Amino acid sequence: MPLTDRPTPRPIRHLGFAVKVLGTPGLKSNDARRWQSGPHLRVSIEYLARIFEYCDGIDVRMYRMSSDIAPYATHPTMPQFHDQVRECADDLAALGARARELGLRLSLHPSQYIVLNSPNPAVARGSARDLEVQTEILDAMEQGPEATVIVHGGGGYGDKVAALDRFCRAWEGLSERARSRIAVENDEDIFSVEDTLGIHRRTGAKTIFDHQHHRLNPGTWSGREADAANASLATWPDGVTPKLHYSSPRLDAREVTRGGKAKPGAPLLSQHADYIDPWTFDAFARTLRRPVDVMLEAKAKDLALLRLRKDLAMLDAKIV
């Protein structure tokens with residue numbers, strides 16, 4: 001193949017995986033004990049230290065921590081858990097220093113129950129508090145600006161315009177340090193890239209492009225996948241490597257129970273596959289115009305990352 005005909009390089013800096021380790025048994029991601037057993041962030045820190053070393057051993061430089069590493073830290077009726085971050089300040093600083101030594105980019109992604117734009121003021125306030133604590137953890141770990149807290153736009157509640165307005169008002173109510181950490185991700189049902197870019201224009205919030213979500217909910221960017229991705233990457237400040245989320249849809253049959261009997265059912269395209277389709281990933285990655293880190297949201301976690309790394313090397317080897 002002539003040099004001028006070679007494919008555009010992939011501007012992928014790092015691949016990462018989320019929370020659970022499958023490649024080595026026994027590595028827990030967070031203290032998951034119930035409140036009666038007195039779970040604590042200090043236990044999660046011990047678990048994370050082991051995971052960080054595992055990531056280093058397999059040359060992974062991007063990892064999403066469990067959003068439950070500080071159990072019950074924002075529970076409204078359990079104040080005994082509210083000071084965990086302060087109580088673990090020294091341990092968090094040490095853990096963060098190790099992450100920096102390893103070149104490990106960290107992130108957090110609170111659950112779907114964190115809804116900033118909820119019309120219920122109590123839910124919105126609780127969501128804001130949770131995001132502040134997630135930010136506090138990354139700050140206590142002394143992580144740089146690439147360490148991010150990811151949030152979705154929330155619910156539509158029958159009036160998406162009003163829902164977006166509530167999100168933007170709630171955003172302005174967050175602390176400056178939280179706003180600097182948080183990035184808004186497009187979802188598969190309500191808020192498309194068009195909406196997250198609108199939030200960016202109104203608030204300055206960084207946006208996360210989720211490839212599978214975009215395919216399910218492209219909005220006005222239908223057929224413009226590369227444009228949508230690159231527009232999202234452009235919301236990140238100069239000097240800070242943006243990140244995006246990538247997964248492949250599960251295409252095998254799923255088990256459906258009807259009338260008490262299990263039968264094969266059609267796949268749900270919103271579900272994540274165990275592994276990543278390397279051909280689709282490769283084609284997409286080569287359309288990106290800025291160096292980027294990619295969080296893989298595959299069910300096989302670290303195993304999917306290792307397999308994709310091998311598959312991409314195989315594809316490169318076939319380019320003559």
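Which strand does Arg 254 lie in? It's strand E8, and one of the views below takes a closer look at that spot. Keep in mind throughout that this is a predicted model.

**Figure 1. The whole chain, before zooming in, is a mix of eleven helices and ten strands.** The radius of gyration comes to 20 Å, close to the 20 Å that the globule rule gives for 320 residues, so the chain is as compact as a globular protein of that length. Lay the C-alpha trace along its principal axes and you get spans of about 65 × 55 × 50 Å. As for burial, 51% of the 320 residues count as buried. There are also 24 salt bridges in the structure, and a few of them get their own views below.

**Figure 2. Four residues make up a positive surface patch: Arg 254, Arg 258, Lys 261 and Lys 263.** Two elements each give two or more residues to the patch, namely strand E8 (254–258) and strand E9 (261–265). Arg 254 sits in strand E8. With 30% relative accessibility, Arg 254 counts as partly exposed.

**Figure 3. Arg 100 and Glu 142 pair up in a salt bridge.** The closest N and O atoms of this pair are 3.7 Å apart. Arg 100 belongs to helix H3 (residues 89–102), while Glu 142 is in the loop between helix H4 (121–140) and strand E4 (148–152), so the bridge ties together parts that are 42 residues apart in sequence. Is each partner buried or exposed? Arg 100 is partly exposed, at 41% relative accessible area, and Glu 142 is partly exposed too, at 48%.

**Figure 4. Arg 286 has salt bridges to Asp 282 and to Asp 316.** Start with Asp 282: its side chain meets that of Arg 286 at 3.0 Å, N to O. Asp 282 has a relative accessible area of 13%, and because buried means under 20%, Asp 282 is buried. Arg 286 also counts as buried, at 16% relative accessibility. Now swing over to the other partner, where the side chains of Arg 286 and Asp 316 meet at 3.3 Å, again N to O. This pair links distant parts of the chain, 30 residues apart: Arg 286 is in the loop between helix H10 (278–285) and strand E10 (292–296), and Asp 316 is in helix H11 (residues 301–317). Asp 316 counts as partly exposed, with 35% relative accessibility. Which residues end up in one network through shared salt-bridge partners? Arg 10, Asp 282, Arg 286 and Asp 316.

**Figure 5. Asp 59 is not a glycine, yet its phi is positive.** The angle is about 60°. Where is Asp 59 found? Look in the loop between helix H1 (41–57) and strand E2 (62–65). Asp 59 counts as partly exposed, with a relative accessibility of 47%.

**Figure 6. Tyr 72 is another residue other than glycine with a positive phi.** Here the value is near 60°. Follow the chain into the loop between E2 and helix H2 (84–87) and you'll find Tyr 72 there. Its relative accessible area is 22%, and Tyr 72 is partly exposed.

Notes: Residues numbered from 1 in each chain as written. Predicted model: local features only at pLDDT ≥ 70, side-chain atom pairs only at ≥ 80, totals over all residues. Heavy atoms only, no water. Patch = residues over 30% accessible without salt bridge, like charges linked within 9 Å, V, L, I, M, F, W, Y side chains within 5 Å. Areas by Shrake-Rupley, 256 points an atom, 1.4 Å probe, with all protein chains shown as cover. Lys, Arg positive; Asp, Glu negative; His and termini not counted. Charge placed at Lys NZ, Arg CZ, Asp CG, Glu CD. Helix = DSSP H or I, 4+ residues; strand = E, 2+ residues; numbered from the N terminus. Buried < 20%, exposed > 50% of the residue type's maximum accessible area, 1.4 Å probe, protein only. Rg over C-alpha atoms; globule rule 2.2 N^0.38 Å.
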